[in-house]
Amino acid sequence: MLVALDRQGSLLRGNFTLSGAIEAFIDPLIVVAVLYACAAWHGERLLSPAYMILGALSFALTFPGNIGLHESTRKMVRKVATNWLLFAGATGAFGYASGYLHYFPQSMLVAWLSATPIALVAAHAAARQALPAWLAIGDNQRIAVVVGVNDIGLKLAREFRAHPYLGTRVVGFFDDRPRARLPDTGDAPLLGPLAGLAEFVKRRRVEAIYLALPMAPQPRILALLDELKDTTASIYFVPDIFVTDLIQGRVDNVGGMAVVAVCETPFTGLNHIVKRGSDFVLALLILLLLSPVLLAVAIGVKLSSPGPVVFKQRRYGLDGLEILVYKFRSMTVCDDGARVQQATRNDSRITPFGAFIRRTSLDELPQFINVVQGRMSIVGPRPHAVAHNEAYRKLIKGYMIRHKVKPGITGWAQVNGYRGETETLDKMEKRIEYDLDYLRNWSLGLDLWIIVRTALMVVRDPNAY
């Protein structure tokens, strides 16, 4: 347990990457795999309660792993040895005191205790060889820029270059000073002054911005942050921070350097695994259980009016990338152009059957397919039509931040009365306020509460039409 507690910091780092998943899972998976291999070699029954309990206990005590891929080989070997000694001591003491050790052949336990550290070292060494090569292929790296050509900014870029396991590539620097006054930036070029940063980030789809600026000129930094709110890039300060509107603000580290997340998704590290796992399982279960309802609604749509059964519309998904969202068609039109008119009360475009499925939210059921595909979540900010996004991002500060997470079938704004038509700018601003509040305060418990409140609203929501 001491080993597991020590690992929490390494898993819950800033951005969820493949290297983070490997660091979290490699130790527990190898420990359990070697256990079952040794048991099979000794002719033991692998599905016996004794081995299933020992396997589950071993996974729990070694998850998540605390050995960073960027750490030296010497440090890796030392951590493997100390972690395994702590694990063996704790489980051995418990097994001896409870008599649980007697359920296993002594030769099998000796083989497991001897082979596991060797297997762990070999697995970590293989990962260190394979991961950098894989990250170098295609678009597997996160694109980043550094603002500020100074000692801190240059050191940060060197850290990313020296640790390819972080999966981040710095494409250049931004700084207002003339090139003649700046030190050599090495492989990462000077891309221009701060005034061009926001446009570059949107054009090149930059995913992370690291601000290595002095904290003294606050008005300049605040103005820069306001410009960057029209992007979906994650923003970090290196290393200081002052008061601003934080979205999942927390301390992170790159190699041995401290950075501070100012605007980041809540779904990082273990949260990412929990969110995606719960979404997939629940969506698949709902689709299976409601398959007769889906069939009945599809038949009703087909018989009620001419046109397709499923209406597909372009929406903004995670990081502002376009996705296709599915709904049962409830109108006589399928608008998806530069101008999309929101549904209003007594809208003549809504068919009689469409009014029923909109009021009961049955028209949203195909979006559970979007969830299984990984394009949406069950709970998150509701996706707006692309035309609406382009209009509102110019009118509401921080509008695009809601796209730091996958859009949801239901959301915090919807269960607080901001579902359906937003005929005034004030209503849309309030919806965005709830969306950003969801990002700041996400938890699995909040998701479950939103799901419960959504179920209660289906039969008594005045804004459903």
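Visitor: Which residues does Asp175 touch, not counting residues up to four places away in sequence?

Guide: This is a predicted model, in which local features need pLDDT of at least 70 and side-chain atom pairs count only at pLDDT 80 or more, while totals for chains, interfaces and linings use all residues. Residues are numbered from 1 along each chain as its sequence is written, and side-chain values use heavy atoms, with hydrogens and water left out. Contact means heavy atoms within 4.5 Å. With residues up to four places away in sequence not counted, Asp175 touches Gly148, Val149, Leu182, Leu190, Gly192, Pro193 and Leu194.

Visitor: Does Asp175 count as buried or exposed?

Guide: Asp175 is placed in the loop between E2 and E3; helices (H or I, at least four residues) and strands (E, at least two) are DSSP runs, numbered from the N terminus. Buried means under 20% relative accessible area and exposed over 50%, with partly exposed in between (1.4 Å probe, protein chains only). Because its relative accessibility is 9%, Asp175 counts as buried.

Visitor: At what distance does the side chain of Asp175 reach the backbone nitrogen of Arg177?

Guide: A polar contact is a pair of N or O atoms within 3.5 Å; within protein, one must be able to donate a hydrogen and the other to accept it, and residues adjacent in sequence count only if both atoms are side-chain atoms. The side chain of Asp175 reaches the backbone nitrogen of Val149 at 2.8 Å. For the backbone nitrogen of Arg177, the distance from the Asp175 side chain is 2.9 Å.

Visitor: What is the order of the strands in the open sheet of seven strands?

Guide: Two strands pair if DSSP finds at least two bridges between them, and the pairing in this sheet is mixed. Its edge strands, each pairing on one side only, are E3 (190–192) and E6 (250–254). The twist averages 35 degrees from one strand to the next. The order of the open sheet is E3-E2-E1-E4-E5-E7-E6.

Visitor: Which residue in E7 stands opposite Phe237?

Guide: Strand E5 (residues 234–237) pairs with strand E7 (residues 257–263) over three bridges, in the antiparallel sense. Opposite Phe237 in E7 stands Val260.

Visitor: What angle does the direction of helix H7 make with that of E2?

Guide: Axes are lines fitted to C-alpha atoms, for helices over the stretch in contact, and angles run from 0 to 180 degrees between N-to-C directions. Helix H6 (residues 151–162) packs on the sheet, where E1, E2, E4, E6 and E7 are touched, and its direction makes about 160 degrees with that of E2. Helix H7 (residues 197–204) also packs on the sheet, touching E1, E2, E3 and E4. The direction of H7 makes with that of E2 an angle of about 150 degrees.

Visitor: Why is E1 largely enclosed by the rest of the structure, and how many of its residues are buried?

Guide: On one side of E1, Arg142, Ala144 and Val146 are buried, and on the other Ile143, Val145 and Val147 are buried, which leaves both faces covered. E1 runs parallel to E2, joined to that strand by six bridges, and Ala144 has Val170 as its bridge partner in E2. E1 is largely enclosed because its buried residues number six of the six.

Visitor: Which helix gives the largest share of the largest nonpolar core?

Guide: A nonpolar core is a set of buried Ala, Val, Leu, Ile, Met, Phe, Trp, Tyr and Cys residues joined through side-chain atoms within 4.5 Å. The largest has 62 residues, and those touching the most other members are Val145, Val147, Leu197, Ile209, Leu211, Leu224 and Tyr438. Its largest share, five residues, comes from helix H15 (residues 425–441).

Visitor: How many residues has the other core, the one that includes Phe160?

Guide: This core lies apart from the largest one, and Leu156, Leu190 and Val254 are also among its members. Its residues number 22.

Visitor: On what arc around the axis of H11 do its buried residues lie?

Guide: In helix H11 (residues 352–359), the buried residues are Gly354, Ile357 and Arg358. They are on the same side of H11 because the arc they cover, taken from the directions from the helix axis to the C-beta atoms, is only 100 degrees.

Visitor: What is the omega of the cis peptide bond that joins Phe63 and Pro64?

Guide: Most residues other than glycine have a negative phi, and most peptide bonds are trans. Pro64 is placed in the loop between helix H3 (49–62) and helix H4 (73–98). For the cis bond between Phe63 and Pro64, omega is about -10 degrees.
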